[in-house]
Amino acid sequence: KPFKLLGILDVENIPCARDSILYGSLGSVVAGLGHFLLTSRIRKSCDVGVGGFILVTLGCWFHCRYNHAKLRIQERIAREGIKNKILYESTHLDPERKPTNGNNSN
């Protein structure tokens with residue numbers, strides 16, 4: 001049975017969701033506890049913890065999704081290159097094939 005956060009976010013099947021939630025929760029604890037140790041204000045520290053969770057989760061999410069999209073583009077380019085290599089290998093359209101002169105006689 002897949003784990004769904006808040007009943008809508010399927011953490012197992014969405015790329016980057018698991019890592020973003022984990023880093024966000026760690027950021028929440030660090031921000032809230034750090035603020036509490038500096039100010040000793042409980043309510044404000046909870047607010048800072050929630051803000052830290054949101055900021056760290058969104059930061060990790062966008063960073064991971066950017067890298068994921070970049071990797072997918074690189075994979076698509078490599079896949080098209082391999083397909084073209086297979087299609088054009090040993091033909092006159094092959095870019096690696098050395099051009100031959102029509103004049104072979106010396």
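**Exercise 1. Leaving aside its neighbours within four places in sequence, with which residues is Ser20 in contact?**

Solution. This is a predicted model, in which local features need pLDDT of at least 70 and side-chain atom pairs count only at pLDDT 80 or more, while totals for chains, interfaces and linings use all residues. Residues are numbered from 1 along each chain as its sequence is written, and side-chain values use heavy atoms, with hydrogens and water left out.

Step 1. Locate the residue: Ser20 lies in helix α1. Helices (H or I, at least four residues) and strands (E, at least two) are DSSP runs, numbered from the N terminus.

Step 2. Apply the contact criterion, heavy atoms within 4.5 Å. With neighbours within four places in sequence set aside, Ser20 is in contact with Thr57, Cys60 and Trp61.

Step 3. Examine the polar atoms. A polar atom of the Ser20 side chain lies 3.3 Å from the backbone nitrogen of Trp61.

Step 4. Classify the residue. Ser20 counts as buried because its relative accessibility is 2%; buried means under 20% relative accessible area, exposed over 50%, and partly exposed in between (1.4 Å probe, protein chains only).

**Exercise 2. Determine whether the length of helix α1 agrees with the expected span.**

Solution. Step 1. State the rule: the expected span of a helix is 1.5 Å times one less than its number of residues.

Step 2. Apply the rule to α1. This helix has 23 residues (residues 17–39) and should therefore span 33 Å.

Step 3. Compare with the model. The end C-alpha atoms of α1 are 32 Å apart, which agrees.

Step 4. Look just past the helix: Ser40 takes a positive phi of about 60°.

**Exercise 3. Identify the buried residues of α1 and one element that covers them.**

Solution. Step 1. The buried residues of α1 are Ala17, Ser20, Gly24, Gly27, Gly32 and His35.

Step 2. Their cover includes α2 (42–88).

Step 3. Consider Ser45, a residue of helix α2. Ser45 counts as buried because its relative accessibility is 5%.

Step 4. List its partners. Apart from neighbours within four places in sequence, Ser45 is in contact with Gly32, His35, Phe36 and Thr39. A polar atom of the Ser45 side chain lies 3.2 Å from the backbone nitrogen of Phe36.

**Exercise 4. How many salt bridges does the structure hold?**

Solution. Step 1. Apply the criterion: a side-chain nitrogen of Lys or Arg within 4 Å of a carboxyl oxygen of Asp or Glu. The structure holds two salt bridges.

Step 2. Describe the pair Arg18 and Asp19. Their side chains meet in a salt bridge at 3.7 Å, N to O. Arg18 is exposed, with a relative accessible area of 52%, whereas Asp19 counts as partly exposed at 38% relative accessibility.

Step 3. Describe the pair Glu80 and Arg76. Their closest N and O atoms are 4.0 Å apart. Both residues lie in helix α2, four residues apart, about one turn of the helix. Glu80 counts as partly exposed at 41% relative accessibility, and Arg76 counts as partly exposed at 44%.

**Exercise 5. Describe the protein chain as a whole.**

Solution. Step 1. Count the elements: the chain has two helices and two strands.

Step 2. Read along the sequence: the pattern is β-β-α-α.

Step 3. Assess burial: 13% of the 106 residues count as buried.

Key
A polar contact is a pair of N or O atoms within 3.5 Å; within protein, one must be able to donate a hydrogen and the other to accept it, and residues adjacent in sequence count only if both atoms are side-chain atoms.
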